[in-house]
Amino acid sequence: MKIIVLVKQVPDTWGERKLTKATGQLDRSASDAVIDEIDERALEVALQYKDAQDAEVIALSMGPSSVTEMLRKSLAMGADSALHVQDDALSGSDLSRTAAVLAAAIAKSGFDIVIAGNEATDGRGGVIPAMIAEHLGTPSMTYLDSVAITSDGVSGVRADEHGTVAVHAALPAVISITEASAEPRFPNFRGIMKAKKKPLDVWSLADLGLDDSGFAPSTVVVNTTERPARTAGTKNIDEGNAGNEIAEFLAAGRLI
Amino acid sequence: MSLALAFIETSANGEVRNTAAMLIAAAAQLGTPVAVVVAAPGAGDTLSAQLGALGAAQVFVAESDQVGTLLVAPQLEALVAASAALQPSAIVVAHSIDGREIAGRLAVRLKTGLLVDVVDVRADGDAVTGIHSVFGGAYTVEATVPGGGPAIVTVRQGAIDARADAASPTLTTQPITVGAAPAAVIDAVHEAAVASDRPELRGAARVVSGGRGLGSQENFALVEKLADALGAAVGASRAAVDAGYVPQTSQVGQTGITVSPQLYIALGISGAIQHRAGMQTAKTIVAINKDPDAPIFGIADFGVVGDVFTVVPQLIDALGKRAQ
Ligand SMILES: Cc1cc2nc3c(=O)[nH]c(=O)nc-3n(C[C@H](O)[C@H](O)[C@H](O)COP(=O)(O)OP(=O)(O)OC[C@H]3O[C@@H](n4cnc5c(N)ncnc54)[C@H](O)[C@@H]3O)c2cc1C
């Protein structure tokens, strides 16, 4: 079983995240870069299968050179190898281009199942796994709260706004998991030492047989504005009457 | 004027989902709104009347026996068929769990640009602009889809308040067959019972949210009581969800639902940056927290340093007296 886990580098949500107003793109200097928490869970789903069965787990990421660090962490957690798609021409890629490039890397590597997080904490699109599946011509099952992988299929429970849906698909397939799935493991010292010797391949667009000409982004940011930060209003210490005071505040603001 | 398709989601038994009105209104902002829906053969007339009442000028019903058996594949085929038949300038889809999967696949299938999670849309001629609210509302970003194909747009649920005027739609019915392309199979559907007549969190005008400060699932009932006294929806912090006080569908924040109500009341919520990212665009924020240094006070219009178990019952009482 060959499992590819998508790992995205995102700005740490514990800090302030900024956009560059001129381009609408992420200001990478404004915040620390981390592996998206949800992708650590996706990796955990893969590693739990590998704990019990014969499997090869590959962490795949597209992004600038700083992505290496995320991939090392994935290797330390237990992935067998890592793939890094890095090319200057990919800077500022939109969803369509990202999905096309990742799909090309997945196809080149070969796979039985692709596991991703349901949505990234920065873009929050939640569409990349389905787009990749469409490129690869496989079924997709996104937003799975629980997953069961067998040697020839995958099944799970998908949570939507209205309830849950039990689904299954034959492999190869692409799935995405929610934060209701596995709590990720921490890399231990042995894992960190072993990670240094594991293969980490870097692929360019040329390595993927793609050229940048056919990959102009199909969406363009035309305007970015920053909303003024919210300021604090009044803060009162309850001296036995705060409930009534809130009611008065709401009435004064015509909120009740 | 060009046509704009609004993809209408339906429940397992064919009922139109509550995102329909918003999507038809969004499509109407971009062109002549055409509602596209997948249904079992024979359901067209009923759907046409319903969607016309919501403002659809045309209704395109894709008839398929496979609705409810294959995950998103019939819906995708319906939009491919409608797009080929009608050559729209835009296709709007809900930014729901199903909607994202449908829109993502459709953008690849039609080789066109995708704007996701927009909070509003605008057309300049045939060019579609999507307005995004990014990083918890800290930025507003406008983006367009240049080039030929229809712009595919997913709209954040509850984000657009506009409604289109009722119309008498023309109805087109077209049978579709889902091709051999592999799709996931639906084994069972469990619709969550609608808990109460409480408003839905997405798009609610008032939200009362509870955090870990409530201490237990039983105590969380206090949040629900205040919500009911205000006619508000119930939300929660991730810590409250993780502790099992409420289901995940109530989570507000970075990895939960983004709300933008007139009034947001945070009870026993510290206001971690990831929670604030989901509610800081609320018009008015009220917070009750024991800890005077809780970050939630940094954005609250009216903050009370106090115990929710004494302040909230008094507030509910006061609301009751005012209502009389
Ligand atoms: C990647 C990522 C994504 C995340 N996404 C989300 C998200 O979507 N939504 C979200 O909410 N969080 C999210 N979090 C978690 C977030 O960081 C916080 O852990 C969480 O919001 C804390 O919830 P809380 O305020 O209920 O709990 P706590 O931080 O434990 O705060 C509880 C508060 O209750 C107060 N309190 C206790 N007892 C009382 C009482 N009797 N009366 C009044 N006040 C009382 C305390 O003073 C305290 O301030 C995310 C974290 C990460 C890393």
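Helix axes here are lines fitted to C-alpha atoms over the stretch in contact, and angles run from 0 to 180 degrees between N-to-C directions. Helices are DSSP runs (H or I, at least four residues), numbered from the N terminus. Welcome to a predicted model, in which local features need pLDDT of at least 70 and side-chain atom pairs count only at pLDDT 80 or more. Residues are numbered from 1 along each chain as its sequence is written.

**Helix pairs in chain A**
- H3(A), residues 95–109, packs against H4(A), residues 128–136, at about 55°, with axes 9 Å apart.
- H3(A) and H4(A) are therefore oblique to each other (neither under 35 degrees, over 145, nor 65 to 115).
- Their contact (heavy atoms within 4.5 Å) involves residues including Leu102(A) and Ile106(A) of H3(A), and Ile132(A) and Leu136(A) of H4(A).
- By class, this H3(A)–H4(A) contact has 11 nonpolar, three polar and no charged residues.
- H1(A), residues 37–52, and H2(A), residues 67–77, pack at about 30°, with axes 11 Å apart.
- Glu40(A), Leu43(A) and Leu47(A) of H1(A) meet Lys73(A), Ser74(A) and Met77(A) of H2(A).

**Buried parts**
- Nine of the 11 residues of H1(B), residues 20–30, are buried (under 20% relative accessible area, 1.4 Å probe, protein chains only), so this helix is largely enclosed by the rest of the structure.
- Among those buried residues are Met22(B), Leu23(B), Ile24(B) and Leu30(B).
- The largest nonpolar core (buried Ala, Val, Leu, Ile, Met, Phe, Trp, Tyr and Cys joined through side-chain atoms within 4.5 Å) has 95 residues, and Ile3(A), Ile132(A) and Leu79(B) are among those touching the most other members.
- Apart from that core lies another, of 34 residues, including Ile265(B) and Val311(B).

How values were computed. Chains are lettered from A and ligands numbered from 1 in the order in which they are written. Side-chain values use heavy atoms; hydrogens and water are left out. Buried means under 20% relative accessible area, exposed over 50%, partly exposed in between (1.4 Å probe, protein chains only). Helices (H or I, at least four residues) and strands (E, at least two) are DSSP runs, numbered from the N terminus. Ala, Val, Leu, Ile, Met, Phe, Trp, Tyr, Cys and Pro count as nonpolar, Asp, Glu, Lys and Arg as charged, and the others, Gly among them, as polar.
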